[in-house]
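This report goes through selected sites of the structure shown below, with the residues grouped by topic. Please keep the sequence and the coordinates at hand while reading.

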Amino acid sequence: MDFRTLNKLAEVYGNIFSLRVGSEKMIVVSGYKAVKEALITQIDSFVERPIVPLFHKVYEGIGLAASNGYVWRTHRKFAGFHLRMFGEGKKSLEHNIQQETVYLCDALKAENGPFNPMTILTGAVSNTVACLVFGQRFEYHDEYYQRILRLDNECIKLMGSPRAQLYNVCPRLLEYLPGPHQTFFSNYKIIKDFLRGEISKHKEDWDSSNPRDFIDNYLSEMEKKKSDPEAGFNIEGLVISCLDMIEAGTETTATTLRWGLLFMIKYPEIQKKVQEEIDRAIGQSRQPCLADRVIMPYTDAVIHEVQRLGDVVPLGLPKKSAKDTTLGGYFIPKGTAVLTNLSLVMHDPNEWETPDTFNPGHFLDENGQFRKREAFLPFSAGKRACLGEQLARQVIFLFFTSLLQQFTVSKCPGEEPSLEGEIWFTYAPAPYRLCVSTR
Ligand code: HEM
């Protein structure tokens, strides 16, 4: 069920209501107060993932995002450590992202006339994740890798299609029947085979004392955890963990940037103010760096507003109650599926002055300084919150500022792109074209 339908149901039935999906009951939690109670006040109540047949066939309940219990805890700890070591705080990741912005800007310069930025942005963002996972980037015209990204994109679109979701209602019946779920499964088979190939290549020249990336570190962890098979560190766990990082990291971040550019062509006066701040804080003679963020409150506010209104993961990922509990006065038995409607947190009229309008002022105080908002939850909250939040924020900031430092983006003559998005698994802008001019 898509989030807009759930938003309408919340208007009628309130911030906590239940639905029946096939034979299963599911609770939908909406609005900041109720979601905060579920994810933060009751931090241990909704930490598990339910079995969703369409996903389960691909993710097998292992790896990072779909696992539970000990496998999830050990994998999350391990991957979080890797992201921190190679990412947060360490110069190397910032440097990789900055390098990628050079390729990205070159690719944009090579465009003559109107174009859809989707392929280039997806390629550029996926490289920031590829550097972490595979220790390398791929050329934007690398046919093989681009095909993997296209297949992945198709899957994310299919996840939101009611016909593919039918598989969740009667998986046994549909298992042998044609339909979009079969495309979904065959795409993932190709993607997983690609990952197995990358892992085999790594194994050939793997040196545990000199880890190059996530795969190398995971191979070492497999050795260390040999006596602890319950932790699930094995080749299949590695395949799915790589898939998790690529899947969770690429399309979400690229879609956020597509929303960002779309808002900028729709609101040129806001784009101009961002560019003025870039010129003041950074100038034209050097690349943006992460340290610039604190001296660029307006740009930071614009990026937050892009994420708030872009609503990229409107329903988060599904969860399951880990124990009997009550929420907002309702009893919820252990094992009940729960959806947190993040969209209705970031449009909550009790939290936002103008919930449905693009308004960077939501994130600025009266002195024009950046102000945090508690109801800003695009990465969700609590123990299952997005593992890649820091990486995503770094990529979005550096890509967005580098692009607007070098280019002005505008609507193509005679075209009026829509702000109405499309529902995939994520919420994405409808395909649009833009024009770029060098500044
Ligand atoms: C703008 C970009 C992104 C957005 C909006 C986003 C949002 C989210 C959301 C809403 C969840 C679900 C949290 C929950 O269940 O409560 C999630 C989970 C996750 N995200 Fe992200 N994400 C982004 C980028 C990334 C990146 C770059 C990575 C890593 C490379 C990543 C890795 C993950 C993982 C591994 C999970 C599962 C965590 C778990 O189950 O413990 N995400 N993300």
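## Cys386 and its surroundings

Leaving aside the neighbours within four places in sequence, Cys386 is in contact with Arg76 and Phe379 in this model, which is predicted rather than determined by experiment. Cys386 sits in the loop that runs between helix H15 (343-346) and H16, and the UniProt annotation "binding site", taken from an unreviewed entry, covers this cysteine. With a relative accessibility of 35%, Cys386 counts as partly exposed, because that class lies between the limits of 20% and 50%.

## The shell around the ligand

Which residues come nearest to the ligand, out of the 27 around it? They are Arg76, Lys319, Ser380, Arg384 and Cys386, so that Cys386, the residue covered by the "binding site" annotation, belongs to this group. By class, the shell is made up of 15 nonpolar, eight polar and four charged residues.

Several side chains place polar atoms at short listed distances from ligand oxygen atoms. For Lys319, a polar side-chain atom lies 2.7 Å from an oxygen atom of the ligand, and for Arg384 a polar side-chain atom likewise lies 2.7 Å from a ligand oxygen. In the side chain of Trp72, an N or O atom is 2.9 Å from an oxygen atom of the ligand. The elements that give two or more residues to the shell are helix H4 (69-86), helix H12 (235-266) and helix H16 (389-406), and H12 supplies the largest share, with six residues.

## Residues in helices H4 and H12

Thr74 lies in helix H4, and a polar atom of the Thr74 side chain is 2.8 Å from the backbone oxygen of Tyr70. Beyond the neighbours within four places in sequence, Thr74 is in contact with Ala231 and Phe233. Is Thr74 buried or exposed? At 13% relative accessibility Thr74 counts as buried, because the limit for that class is under 20%.

Lys266 has its place in helix H12, and the side chain of Lys266 reaches the backbone oxygen of Pro417 at 2.5 Å. When the neighbours within four places in sequence are left aside, the contacts of Lys266 are with Glu416, Pro417 and Leu419, so Pro417 appears both in this contact list and as the residue whose backbone oxygen is reached by the lysine side chain.

## Cysteines without disulfides

The structure holds zero disulfides. Cys170 is in no disulfide, and the nearest cysteine sulfur, that of Cys155, is 20 Å away; at 26% relative accessibility, Cys170 counts as partly exposed. Cys412 is also in no disulfide, although the nearest cysteine sulfur, that of Cys435, is 3.4 Å away. Why is the pair of Cys412 and Cys435 not counted as a disulfide? The sulfur atoms would have to lie within 2.5 Å, and the distance here is 3.4 Å. Cys412 has a relative accessibility of 2% and therefore counts as buried.

## Loop residues and backbone angles

Asn350 is found in the loop between H15 and H16, the loop in which Cys386 is also found. Asn350 is exposed, with a relative accessible area of 69%, and although Asn350 and Gly31 are 319 residues apart in sequence, they are 8.7 Å apart in space, C-alpha to C-alpha. Pro211, in the loop between helix H10 (180-204) and helix H11 (214-224), is partly exposed at 32% relative accessibility. Pro211 and Gly135 are 76 residues apart in sequence and 9.5 Å apart from C-alpha to C-alpha, while the contacts of Pro211 beyond four places in sequence are with Phe86, Asp216 and Asn217.

Most residues other than glycine have a negative phi. Glu60, which is not a glycine, nevertheless has a positive phi of about 55°; Glu60 lies in the loop between helix H3 (53-59) and H4 and counts as partly exposed at 33% relative accessibility. Asp311 is not a glycine either and has a positive phi of about 55°; the place of Asp311 is in the loop between helix H14 (297-310) and strand E3 (319-320), and at 3% relative accessibility Asp311 counts as buried.

Key:
Residues are numbered from 1 along each chain as its sequence is written. This is a predicted model: local features need pLDDT of at least 70, side-chain atom pairs count only at pLDDT 80 or more; totals for chains, interfaces and linings use all residues. Side-chain values use heavy atoms; hydrogens and water are left out. A residue is near a molecule or strand if one of its heavy atoms lies within 4 Å of it. A polar contact is a pair of N or O atoms within 3.5 Å; within protein, one must be able to donate a hydrogen and the other to accept it, and residues adjacent in sequence count only if both atoms are side-chain atoms. Helices (H or I, at least four residues) and strands (E, at least two) are DSSP runs, numbered from the N terminus. Ala, Val, Leu, Ile, Met, Phe, Trp, Tyr, Cys and Pro count as nonpolar, Asp, Glu, Lys and Arg as charged, and the others, Gly among them, as polar. UniProt positions are given in the numbering used here, feature names are shortened, and annotations may be inferred rather than shown by experiment. Buried means under 20% relative accessible area, exposed over 50%, partly exposed in between (1.4 Å probe, protein chains only). Contact means heavy atoms within 4.5 Å.
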